[in-house]
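Hello,

Here is the structure I promised to pass on to you. Have a look at it first, and then read my notes below.

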Amino acid sequence: MARKAPRVDPGEDALEVTEPKRWAAGIPAVTHALRMGYDQMGVRRTALTLLKVNQKDGFDCPGCAWPEGDHRSRAEFCENGAKAVAEEATVRRVTREFFAAHPVGELAGRSDYWLGQQGRLTEPMYKPADSDTYVPVTWETAFDIIAQQLKALRSPDEAAFYTSGRTSNEAAYLYQLLVRQFGTNNLPDCSNMCHESSGSALTETIGVGKGSVHLDDLYRADLIFVVGQNPGTNHPRMLSALEKAKQRGARIVAVNPLPEAGLLRFKNPQNARGVAGGGTPLADRFLQIRLGGDQALFQALSRLLLEAEDAEPGTVLDHDFITAHTDGFEAYAAHLRTLDWDDVAEATGLAREAIEETARDVLSARSIVVCWAMGLTQHKHSVPTIREVVDFLLLRGNIGRPGAGVCPVRGHSNVQGDRTMGIYEKPAPEFLDALHKEFGFDPPRHHGLDAVETIRAMGTGDVKVFFAMGGNFVSAAPDTAATERALRGCRLTVQVSTKLNRSHAVCGRQALILPVLGRTERDRGPDGKDRFVTVEDSMGMVHASRGGLPPASPHLLSEPAVVCGLARALFGPDDDVPWAAFGADYDTVRDSIARVLPDFAGFNTRVRHPGGFTLPHGPRDERHFPTRTGKANFTVNPLEVLRVPPGRLLLQTLRSHDQYNTTIYGLDDRYRGIHQGRRVVFVHPDDLAERGITDGDPVDLVSEWQDGPERRAQDFRTVAYDTPRGCCAAYFPEANVLVPLDSVADISNTPTSKSIVVRLEPRAAGRTGEGQAAPLGPLGPGGTQPM
């Protein structure tokens with residue numbers, strides 16, 4: 001099929017700002033999705049592909065990890081899911097001729113949007129150490145280059161192996177197996193930068209680092225909290241679940257610094273009310289909280305529950321549950337009674353009356369679900385905040401019964417499955433013992449490096465080879481300048497990818513691009529038969545994924561085949577691990593997974609059941625809490641109040657609506673009223689006026705961190721917006737330069753991308769400064785022009 005020309009990046013001068021929307025989805029969502037499909041795929045390919053998204057006999061959406069119900073519509077996708085599919089199934093191609101015409105130095109000057117618009121990668125490409133241009137190589141040569149570099153290292157720990165959350169279970173299992181047979185636990189992954197705080201807090205408090213609810217629990221809940229989350233953009237199919245919950249009588253409390261259109265009103269394009277009517281108001285209560293104030297909110301709600309119990313003993317708290325299934329209640333209750341309401345007001349920015357009204361919602365609800373996303377996980381005190389959410393639920397027994405529980409909403413489509421398969425730098429001894437029993441070698445026992453630690457180690461030269469199984473590490477990581485320096489200092493960087501992205505242009509002295517099949521494409525084995533892989537959604541369902549499109553190029557391999565090919569080059573063809581069999585037949589991989597992971601017993605049989613199977617979850621299924629105490633743990637968490645110096649603001653990074661993680665589908669964020677541009681900062685009108693800045697003025701954003709150098713993001717346009725006073729917001733990856741590498745969450749080490757102290761400086765021409773990002777012109781650093 002002919003290559004469709006990519007859209008021209010108009011540059012930030014085309015930016016337009018309109019009024020934010022007060023509702024989400026509806027007919028505009030359908031038309032935007034179809035337009036994207038047509039632009040990237042054409043009419044027929046769009047229809048054939050979208051009708052297979054999230055179907056039991058189709059492929060799992062390469063976007064978010066929101067689960068599907070047992071009964072699915074023929075259009076089981078959302079606008080952003082359709083965009084993700086269109087980006088992957090595009091008929092545009094990046095060939096060897098493209099790389100010959102665009103050296104690495106030029107590609108580094110292009111925007112993320114421009115790079116993504118060029119199309120699918122088609123063959124392995126290699127950048128030698130003495131060259132600025134990628135040239136084609138065979139797969140055998142590519143594997144030999146990697147194996148030689150790995151074998152030349154003084155220690156296996158001088159290599160790091162990153163994983164994106166869309167990698168299949170089979171590929172993730174094989175990948176961690178290769179890495180551990182090589183001799184390291186350096187397995188940083190995207191969880192380290194997103195939901196690590198959730199796993200840390202949940203493992204400590206309930207013993208399982210995953211959510212405890214199913215879709216049916218949302219439908220049966222009396223009250224649902226949606227905290228630090230924008231489902232209208234980041235996982236729009238969640239809106240349909242919330243609509244169904246509302247129809248069954250649930251109340252919804254939205255807790256967020258910004259009003260999000262999807263939580264205000266949802267026009268479901270699959271029913272008449274959403275097409276021709278007014279849609280469904282979702283949030284019964286909107287608490288516009290100050291950044292980082294969620295810990296104080298949940299402590300305050302729990303304090304009010306204690307006071308209600310004092311007033312009417314035996315009627316509020318679930319004492320039977322607390323006595324039988326929890327530990328630490330007395331210390332927690334004593335701590336709550338010391339809560340200072342002035343601190344609560346300062347931390348949350350909320351009136352006490354609003355919190356008390358919310359507490360009345362809680363008192364009238366028997367079953368409560370708390371959902372959250374990165375608005376809770378990317379602060380210094382994120383782990384204590386999520387512990388506090390658990391404390392709040394434990395008080396009334398809201399874990400382990402229908403319609404109640406914790407619901408961390410993961411982003412990537414298989415980020416939870418990758419961790420289940422062993423993608424973790426701190427593996428459990430039991431898992432390593434099982435690998436030893438299965439394969440005979442001794443896996444390393446020392447902890448490896450997470451994402452932030454890997455950047456530091458590359459920066460100091462302690463990690464010399466960086467291998468990424470998917471993702472766009474440069475654009476996903478914090479402290480952009482430090483991350484770029486670190487990667488450019490590596491001997492070799494390897495990117496396993498489907499599309500061109502910035503991590504191909506910011507690379508080591510030697511670099512490889514290994515192109516692989518996407519979710520949408522047929523994966524045909526050596527026997528000529530089509531194969532399937534599996535994924536785990538954010539609620540613990542494991543199911544099959546089968547692509548149907550012809551591969552974008554005859555030179556593509558599957559991710560499992562890439563791992564097995566590299567393993568054979570690294571360990572030799574006579575290795576005891578059956579790499580050739582694993583690469584040829586995924587059933588053999590799943591049989592091995594079933595022997596290593598007890599929850600996957602009978603994997604091959606169970607996953608062939610339409611819709612897959614549910615993994616067990618002790619706290620949810622039988623109120624069994626595998627913690628150090630054998631019970632769910634109440635925790636005492638000193639209240640953190642984020643205080644910024646005078647004249648400064650607290651910045652959060654966020655996605656636009658035309659974006660999924662680091663993939664930029666377009667330049668509009670129509671729900672927030674931003675069109676044809678991304679370099680904007682949302683600020684309360686009074687905060688602008690206080691600084692003598694007018695709506696629309698250009699400013700530099702300057703982050704301040706301890707005694708280190710300032711970090712500067714240049715030439716942003718101010719947008720007067722409904723944010724809490726003292727808070728502002730900007731899109732990532734453009735604002736990632738402002739996130740200091742050393743500013744991380746306690747315990748989880750997650751970058752604090754939702755609480756960055758910044759000042760606004762009116763834009764001055766020619767400004768330079770240590771630690772700043774390169775200024776972005778119409779298409780990126782250097783302002784290069786489109787083809």
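Before the hairpin I want to show you, one term: two strands pair if DSSP finds at least two bridges between them. Please also keep in mind that this is a predicted model.

**The hairpin and its neighbour**

Strand β19 (residues 533–536) and strand β20 run antiparallel and are joined by four bridges. Together β19 and β20 make a hairpin with four residues between them, and G540 in the turn has a positive phi of about 80°. If you want a pair to find on screen, E536 has V542 in β20 as its bridge partner.

β20 has another partner as well: two bridges join β20 to strand β21 (residues 613–614), again running antiparallel. Here V542 comes back, since its bridge partner in β21 is F613. Is β20 open to the surroundings or enclosed? Four of the five residues of β20 (residues 541–545) are buried, so the strand is largely enclosed by the rest of the structure.

**A six-stranded sheet**

Elsewhere there is an open sheet of six strands with mixed pairing, in the order β6-β5-β18-β17-β16-β7. Its edge strands are β6 (135–136) and β7 (159–163), each of which pairs on one side only. Within the sheet, β16 (residues 465–469) and β17 (residues 492–497) pair in the parallel sense over five bridges. A pair to look for there is F467, which stands opposite V494 in β17.

**Helix α1**

Now to helix α1, which covers residues 27–41. At 1.5 Å a residue, the 15 residues of α1 should span 21 Å, and the C-alpha atoms at its ends are 21 Å apart, which agrees. Which residues of α1 are buried? They are A29, A33, M36, G37, D39, Q40 and M41. Seen down the axis of α1, these buried residues fall within an arc of 165°, so they line one face of the helix.

There is a surface feature here too: I27, V30 and L34 form a nonpolar patch with about 230 Å² of accessible area together. V30, which lies in α1, has a relative accessible area of 33% and is partly exposed.

**Salt bridges**

The structure holds 55 salt bridges, and I picked out three for you to visit.

- R220 and D216 meet through their side chains at 3.5 Å, N to O. Both lie in helix α10 (residues 215–220), four residues apart, about one turn of the helix. R220 is partly exposed at 47% relative accessibility, and D216 is partly exposed with a relative accessible area of 37%.
- R524 and D530 form a salt bridge at 2.9 Å, N to O. R524 counts as partly exposed at 45% relative accessibility, as does D530 with a relative accessible area of 46%.
- E704 and R648 form a salt bridge whose closest N and O atoms are 3.0 Å apart. This pair links distant parts of the chain, 56 residues apart: E704 is in the loop between β28 (698–703) and β29 (711–720), and R648 is in the loop between β22 and β23 (649–654). E704 is partly exposed at 24% relative accessibility, and R648 is partly exposed at 27%. Salt bridges that share partners join R648, D700, E704, E710, R712, R759, E761 and R763 into one network.

**Loops worth a visit**

The loop between β30 (727–731) and β31 (756–762) contains P733. A cis peptide bond joins F732 and P733, with omega about 10°. I747 is also in the loop between β30 and β31. Phi of I747 is near 75°, a positive value in a residue other than glycine, and I747 is exposed with a relative accessible area of 54%.

R623, in the loop between α32 (618–622) and β22 (632–633), has a positive phi of about 50° although it is not a glycine.

Last comes H447, in the loop between α23 (429–439) and α24 (451–460). H447 is exposed, with a relative accessible area of 52%. What lies 5.0 Å from H447 in space, C-alpha to C-alpha? That is K426, which is 21 residues apart from H447 in sequence.

Enjoy exploring, and best wishes!

Technical notes
Residues numbered from 1 in each chain as written. Predicted model: local features only at pLDDT ≥ 70, side-chain atom pairs only at ≥ 80, totals over all residues. Heavy atoms only, no water. Patch = residues over 30% accessible without salt bridge, like charges linked within 9 Å, V, L, I, M, F, W, Y side chains within 5 Å. Areas by Shrake-Rupley, 256 points an atom, 1.4 Å probe, with all protein chains shown as cover. Salt bridge = Lys/Arg side-chain N within 4 Å of Asp/Glu carboxyl O. Buried < 20%, exposed > 50% of the residue type's maximum accessible area, 1.4 Å probe, protein only. Expected span 1.5 Å × (residues − 1). Arc of directions from axis to C-beta.
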